[in-house]
Each structure stands twice: as C-alpha cells, then as structure tokens.
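Reader: I have the sequence and the coordinates open. Please take me through the two chains with short answers.

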Amino acid sequence: MSAAQRLTQVSGHMGASKSGSAGRAKLLQKNPDDIVVTACLRTALTKGGKGGFKDTPAADLLVGAFKSLLERSKIDPALVEDIAVGSVLPPGGGATEFRAAALAAGLPVTAAVRSLNRQCSSGLQACVDIANAISSGMIEVGIGAGVESMSLQYGPGAVTEFSELLESHPESANCKVSMGVLSEQMAKDRNVPRSLQDAFAASSYQKALKAQEAGLFDEEIAPLKVKWEDPKTGDVKEITVAKDDGVRPGITAESLGKIKPAFAKDGSIHAGNASQISDGAAAVLLMKRSTAEKLGQQILGKYVAASVAGVAPLLMGVGPWAAIPKVFEKTGINKDDVDIFEINEAFASQCVWCANELGLDPKKINPKGGAIAFGHPLGCTGARQVSTLLYELRRRGEKVGVTSMCVGTGMGMAAVWVAE
Amino acid sequence: MLEFKTTGFNGYAVKYSPFFDNKIAVAASANFGLVGNGRLYILRLTPHGIQAEKWFDTQDSVYDTAWSEGHENQIVAGCGDGSVKLYDIALNEFPVQSYEEHNREVYAVHWNLVAKDTFASSSWDGTIKIWSPMRTASILTLPTHSCTYSTAFSPHSPSIISSVTSDSHLRVFDLRTPASARNHLVNLIPIHGQPPSSNNHGPFSPPSEALTHDWNKYRNTIIATAGVDQIIRTFDLRNPQGGPVALLRGHDYAVRRVAWSPHLSDVLISASYDMTCRVWTDGTAIGQNAHLGNTALGAGGRELGRMGHHTEFATGVDWCLFGSEGWCASTAWDERVLVWDVRSFMMG
C-alpha cells in the first residue's frame, strides 16, 4: 500500500487523455512476464556492390552480429535456446549457413536456429517469433536476428517462375510486379508528388548525417572486421567497418530534384528517394523480465505487441498504414502515446503517404533518418530498427516506440516497444 | 454557489445526508490520497455559508463515505489502509467501529437503500464486503478478482448489489441466489462491448478501467457506468448482453463519479479528472426525441450543461434529495467543496 503503488494506480486513470484508454500507462508497467530486450545491435549498413561488406557473405555478417551480442550481453551462450534469423534472398532460406554461423559465433550445438522469410519484415518477424516462443513457455532465452547480403544475393534468382495457374489469377499475378513499378503507380494514384518525396528523402539524409556526426549510431553499431577487395587494384585487405557508408552530406530536396526517374519517364521515384541496396545484419537478445533479473542482464526495453496486416499486392506500400492502427488496437494506445515511429523508408512515396494518412507528427518519424539514407538490407531491417529505436528512446529519455514496414506482395507489420 | 475549503485535504467524495437537507459529508485525503492522513468532514449549510460541524481524522486516506439510511447520526468511511470505519456524528474523534478485513485501499462504500440494515464496501483487493452496524465482522464477501473501484446496492431491491472494476466489467450480484461457486453473481457485463445496433462497425473500444457506476432511481434495470475511457454508458439489465444503451461522450479525461438524479429519470451528473462536472440526459425522457423522428432508446443522449469552477480533478458529486430539483454538491483535488444549482449551468 505504498504511495508509489497508489500513484501508479491513479496515473493509470490518466493515461488516456486523448486515446480513450489507459494504454500508455499500462504499457509502462513492469511485470515479471514482460518480454524484454537485454542487448540489441547491428552491423554498419554498407552499399551493395561497393561498400565495406560487398565481399562478406550474409552468414559471416551474422557471425559478427552474434559474437558482438554475446560479448555485449555477457550471457552464457548455453542459455540461448533458439535463434530465428530473417532473411529474404538466400537460396534455401539460408537455413544451413545460419545454423553454421551460430556455431561459428560460439553458440553451442544446443542453441537451435531457423531462418524465416516474410520479405522486408523478416527481421521483425524473427524478433516477434522469439518473443512469442518465450511468452508461450517454449523457450527461456532467444535471439531474433536479420541479415542480408544484397551484394552477393540480390537478383532474379530470388523468385521462381510463376506457374500458369498463378499467372491466370489477377491478384496473384500482381505479387511479382516489381516494387519500383508498383510504387510508382501508387504514388501516382495516391497523389504523392515528387516534390514531397524529395523533401522527405532529403530530410532522411540530413537527419542521418546529423545523427552520424553526433555519434548517435555508435551504441547500436557493432564494428566488424572483414576482408575487402579493392576494385581498382584487386588487392584484398582486412578493414574494420563501423559506419554506415550510405549517409552523405550535401543532399537537399533541390539536389534530389535533378535525378532522373528510375521506373517511368514521367515518374517520380528515383535512386535518391528510394531505399538503398545494402548489406548488414542485426540481432536482438530476448527473454522474460524475471529471467533477465535472475541473470543480472541489463534491460534496454521491452517488446509489447506486434501486428501483421495484408493489403492488395499492388498497394504493398500502404502496409504500415494498415498494420499500425492494428497494433494500437491490441495495445490500447494511439499515435499521441508514441514517442518515436521507426517506419522503414522502402520508398519516400509510400512512407510519407502512410505517415500523412495516419496523421503522424513528422518530428516523431525516423529521427535518425532511415533506409533512404543508410540502406535497407531486406531481412535485416526489422531487427535493425529495434536497436535504432531503443537507443534513441533511451537517449531522449522517452518511452514508447513503434517499428513498422511495408512488405512486398502486399503486407505490413508493426510492433510496439518500450524503452526502459 | 456556496464554497467550503478543505484546506490541506484533497476531496474524494461528497454525500448529502438522507435525513437533513443541510448536512453534507466529505471524504478527503492529504497529499492527493497518495500518502498521509484522511479526514471525514461533516458540513452544515447555513444562511452564512457552509460551516464545518465537525471532522474525524484518520491515519490513512479517506476515499469514500456513505450515510446510514436508517440512523441519522451514522456514517461510514472507506480508508486507504483497507479499514471501513463507522462513525456516530454525535460523538467526537473516534469511530464507533473499525472494520479491518480488506487488504487494500477501500475505494467505495454504499448503504443498503431498501433494507437499510447493511452496507457494502469495495476495495482494490478485488472483493466487495457486506457489513452490518450490529456486527464486528463482515457478513459476506463477494470476489470480483479485480480492483473494485465502485459498489452500489440497487435502490429497488435489498438483495441486489453491483460493482464496476478495473477489468472493464459491470457485475450484478443477487444475494438471494443459493450459495455456489458463482458467489451470487448473476450478471457479468463487458462495459466496452458494442451496442448491437452498431453491427460492430462502430469505433473500436478497448477494455478500460471502470471507476464509477450508479443505479437509476426510477427505472429499476438501468445502470450508468463510467471510467478511464471517458465515456458514460447506460446498461439495461433486461438485456445484459445487448451492450450499452446510451453512450455519453464529452469528458476529456477519466470520469470519477456518476450519480442519477433523484428527481428526473433521464438525468445524471458526472465528475471527471478534466475538472468539470457535467449534467447529461440519456435521451429517454418521454417525447424528448419526437422532433428527431428517432424512437431508439438512448439515441438522444447528450450533455445538458457543465460546471467548470473546480481547478483540479473533480472527484465527487452528489444530488440534494430535498427541495427543488437541481441542487448538488461537488468536491475536487483543489481542496474545495462547491454547492451549486445545475440549472444555472444549463446550455441554451
């Protein structure tokens, strides 16, 4: 019957100033069965075909991420029961090499591994799957991860030919329309002018540059030593990659305005207002709060809930617009309760459309920039957002964050996280 | 408007005496009820304003009070330390009885309006307890398994008692039902449910803590509820699974208290954390909606007026049973009790 308990109880009544619910106050409560993040990190993201990881296979990136995660958390590797890795492009889903990567990183044979693919949300899906496995009691400690080497694995081989049956069904045939083409059409249909896209993209670059200069990515990035072949000399050297190389200075809406559209002559989408092709890996260590306290793990934040929503394949870009309200319903919060939205910038057009349609405060969206500025290694992104979000929330002393992304073939995912 | 300062104590509840038209009891707590003493004020309305007739100090906060319906000098208080205290206002300082069974804060007390020989308390410990002033231990404990912010006897039956809880449910217990595992529970109504007329296309309404409820004094199956989601709802027990009959929206923060008028069957008053007290009709007054051509019950529910003189969370409000309809008293965390006539706050 302490004053603190009474205060929590009464402040619960106030949580709902606008949302009509006490959602936010509920979210901030700490319970022993919360699923918490005790370590999260990512490698730097580097340009596909040119950047620091261009010669590093996805599994090697993963080894680096796992090793750093074990080092940082100081968790006994034997306690990790399962690992889920989201990845989009590897043949066979990457199942074999990811298991091998876990072993190479120092995880014992008792740590199970699987790969999964929900396109651009694979990294988030991996974290959610691990969180659900923990809350259902299937495992105690797990790692959700994501990885992609677009340098080595991006290409037509990632999708098999459609059968006649699939081709004959209109909505089904739409599933293989390329992201650029359908986003171009969507931008036209939904009236997202190029000027708005370029302004959004330029601000992503500017925010990312500012964040990079201020060292705001330092906490989330685990530096990685890799072999790299100099394209000019052909020499192979060992380099340490610790910085996103897609971020560059001097980008304005005007400078982006001069770039030629990529998918249609009269189009609005181009290399400067779409996500970059990149390589990278990210990993998140999850367990129950009670377990974390027992093991003396530092709690960075907690996973609250996630949603997945289907939309028309040709409108895949509206995914966050469908998924975010759904996760709000589950958690009883609304947009005003959220301090930061990490919404993947697959294309400036779809991200800005979703944000405007949901009425989100632009200041809350991707405060350190997004995929337009530093890249979107497909399977990695969802897990990458967790570190980007939690470290920024902690730095600002804020609490509630949402990560979300659109998903190829017409889906959206969103998850709510709380920093502690 | 008359005013009384409860200096140093933040108001939690106010109740008119059922015996005297000039007596008001106020439950108040130091430090917003978070830590420290409580005080039960007995106030008298006089030609020279409101005067304190006496007060009783308690070790812990006082969150609610209820006058005895059978004895003009008896009154109970629900306290932060889980005790329920029975006072005789002819005596000084100490309660005549202190009932110590609840394990957590007692947030509501209510006297049986028909039999007049029992009273009830509800607590954050997830129980409702029924007591008699003649006994030193509770007569019955009804579990709700959820923080129970409000409990009330039906004004139409001595054996029907209801509660609302932080699990977003309205419970109705009938004490005449045989003892069984149901613990006399006869209705469990989800407050956040959709009215059937909405075809579930209405805006999504997640469960949210219910803080207050009251039985209509004229229509024996109608209960109003309200709480954290800011919406006041009415339910008809004849159709318990039918969802709310009327939804009254308008408060900007959680609603802490609702009370049906003792004079008009369609009118209720509310007090909210948004610092206002508002008067509402649930739209059921006969002929009220004739001009709308809408005969659906509850369709014309609306706000009739509001009193915005409180400067902190308004927590308690009660109607005067006597004299002309419309007099009421309110209290708030601004350390004030206001006595006012709702008719002077009606909107056009």
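Reader: How many helices and how many strands does chain A have?

Author: A word first: this is a predicted model. Chain A mixes both kinds of element. The count is 16 helices and 12 strands.

Reader: And how many helices and strands are there in chain B?

Author: Chain B holds no helix. Its elements are strands. The count is zero helices and 28 strands.

Reader: What share of the residues counts as buried in chain A, and what share in chain B?

Author: Chain A has 420 residues, and 58% of them are buried. Chain B has 348 residues. Its buried share is 53%.

Reader: What part of the contacts in each chain joins residues at least 24 apart?

Author: Both shares refer to contacts with a separation of 6 or more. In chain A, 81% of these join residues at least 24 apart. In chain B, the share is 46%.

Reader: Which residues of chain A does UniProt annotate as "active site", and are they gathered or scattered?

Author: The unreviewed UniProt entry lists C120(A), H376(A) and C406(A). They span 287 residues in sequence, yet no two of their C-alpha atoms are more than 11.9 Å apart, so they gather at one spot.

Reader: Where is H376(A) found, and is it buried or exposed?

Author: H376(A) sits in the loop between α15 (371-374) and α16 (381-396) of chain A. Around H376(A), 26 other C-beta atoms lie within 10 Å. The cut-off for burial is 20 or more. H376(A) is therefore buried.

Reader: Which strand holds C406(A), and which annotated residue is it in contact with?

Author: C406(A) lies in strand β11 (residues 400-407) of chain A. It is buried, with 31 other C-beta atoms within 10 Å. Its contacts beyond four places in sequence include N344(A) and A346(A), and H376(A) also touches N344(A) and A346(A). The annotated residue in contact with C406(A) is C120(A).

Reader: Turning to chain B, which spans carry the "repeat: WD" annotation, and how far apart are their ends?

Author: The unreviewed UniProt entry places it on residues 99-132 and 248-280 of chain B. The span 99-132 is 0% helix and 53% strand, with its end C-alpha atoms 10 Å apart. The span 248-280 is 0% helix and 52% strand, and its end C-alpha atoms lie 8 Å apart.

Reader: In what order do the strands run in the open sheet that contains β1 of chain B, and which strands are its edges?

Author: Four strands of chain B take the order β1-β28-β27-β26, with antiparallel pairing. Neighbouring strands are turned by 15° on average, direction ignored. β1(B) joins β28(B) over four bridges, and F4(B) has V337(B) as bridge partner. The edges, each pairing on one side only, are β1 (2-5) and β26 (314-319) of chain B.

Reader: What is the average twist in the sheet β2-β3-β4-β5 of chain B?

Author: This is an open, antiparallel sheet of four strands. Its edges are β2 (10-16) and β5 (49-58) of chain B. From one strand to the next, the twist averages 25°.

Reader: Which residue is the bridge partner of A25(B) in β4(B)?

Author: Strands β3 (residues 23-29) and β4 (residues 38-46) of chain B run antiparallel, joined by seven bridges. In β4(B), A25(B) is partnered by I42(B).

Reader: Why is strand β14 of chain B largely enclosed, and how many residues separate β14(B) from β15(B)?

Author: Six of the six residues of β14(B) (148-153) are buried, so the strand is largely enclosed by the rest of the structure. β14(B) pairs with β15(B) (160-165) over five antiparallel bridges, and S150(B) stands opposite V164(B). The two strands form a hairpin, and the residues between them number six.

Notes. Residues are numbered from 1 along each chain as its sequence is written. Chains are lettered from A and ligands numbered from 1 in the order in which they are written. This is a predicted model: local features need pLDDT of at least 70, side-chain atom pairs count only at pLDDT 80 or more; totals for chains, interfaces and linings use all residues. A residue is buried if 20 or more other C-beta atoms lie within 10 Å of its own, exposed if 12 or fewer, and partly exposed in between; C-beta atoms are placed from the backbone. Two residues are in contact if their C-beta atoms, placed from the backbone, lie within 7 Å. UniProt positions are given in the numbering used here, feature names are shortened, and annotations may be inferred rather than shown by experiment. Two strands pair if DSSP finds at least two bridges between them. Axes are lines fitted to C-alpha atoms, for helices over the stretch in contact, and angles run from 0 to 180 degrees between N-to-C directions.
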